[in-house]
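This report describes a protein chain for a reader who has its sequence and its three-dimensional structure at hand. Please keep both in view while reading the sections below.

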Amino acid sequence: MNKKLLLILLSLFTLNFTFAQEEIIEIAEEPQVQTFYVIAEEMPVFSEDCLAFEGEYLTRCTNLKIQEYMTKVNYPQLALDNDLEGKVYVGFIVDYDGSVTDVTLERGAYKLLDDAAIEHVKNMPDFFKPGYENGKEVRIKYIIPIVFRLYGGGSYNIPLTKKE
């Protein structure tokens, strides 16, 4: 009788123990990988004016229009007062709809200049036409150098003189 009772109790204990150890498996969602191109079959067009061109000239026109926009960056007064100069590299994505997104500081100079460059790119107008690869709209990554130079010209800004 004791053996039967012991066997029954042992079976119940094992059965309860098995149910108590039920595994809980959490399935984590895989992070969405945001893909982008650096070069595509058809690069984005910044301005409607550039549609008059084709091929390499279309790309050149867009690059010139981007340069024109970058020349309008505001040189912070505090940076002028302290004779701060430098080159800031800002990255951004031209999204599927031509909007400018994911603005990042790729390489900075001084915080004042970095912030001015980032703010300027964040306020950039949308591109007239997005990039295309295999007939589909794609995201395109740009990295633009913005040069802050007090005396003399820069590659992306109007030559400036210190305000008195």
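## Overall architecture

Read from the N terminus, the elements of the chain follow the order α-α-α-β-β-α-β-β-β. The chain thus contains four helices and five strands. The model described here is a predicted one.

Of the 164 residues in the chain, 34% are buried. The chain exposes about 11600 Å², and carbon and sulfur atoms supply 55% of that area. Among the contacts in the chain with a separation of 6 or more, 69% are made by residues 24 or more positions apart.

## The disulfide

The structure holds one disulfide. Its partners are Cys50 and Cys61, with a distance of 2.1 Å from S to S. Cys50 belongs to the loop between α1 (2-20) and α2 (55-70), whereas Cys61 belongs to helix α2, so the pair ties together parts that are 11 residues apart in sequence.

The angle about the S-S bond is -80 degrees, and the link of Cys50 and Cys61 is left-handed. Are the two cysteines, Cys50 and Cys61, buried or exposed? Both Cys50 and Cys61 are buried.

## A nonpolar patch on the surface

A nonpolar patch on the surface is formed by Phe36, Val38 and Ile39. Together these three residues have about 320 Å² of accessible area.

One member of the patch, Ile39, is found in the loop between α1 and α2. Ile39 has a relative accessible area of 67% and is classed as exposed, because the class begins over 50%.

## Asp126 and its surroundings

Asp126 is located in the loop between α4 (111-122) and β3 (131-133). The relative accessible area of Asp126 is 48%, so this residue counts as partly exposed: the value falls between the limit of 20% for buried residues and that of 50% for exposed ones.

Which residues does Asp126 contact, leaving aside its neighbours within four places in sequence? Asp126 is in contact with Phe46, Gly98, Ser99 and Val100. In the case of Val100, the separation from Asp126 is 26 residues in sequence, while the C-alpha atoms of the two residues are 5.9 Å apart in space.

Definitions and conventions
Residues numbered from 1 in each chain as written. Predicted model: local features only at pLDDT ≥ 70, side-chain atom pairs only at ≥ 80, totals over all residues. Heavy atoms only, no water. Disulfide = S-S within 2.5 Å. Helix = DSSP H or I, 4+ residues; strand = E, 2+ residues; numbered from the N terminus. Buried < 20%, exposed > 50% of the residue type's maximum accessible area, 1.4 Å probe, protein only. Contact = heavy atoms within 4.5 Å. Patch = residues over 30% accessible without salt bridge, like charges linked within 9 Å, V, L, I, M, F, W, Y side chains within 5 Å. Areas by Shrake-Rupley, 256 points an atom, 1.4 Å probe, with all protein chains shown as cover. Salt bridge = Lys/Arg side-chain N within 4 Å of Asp/Glu carboxyl O.
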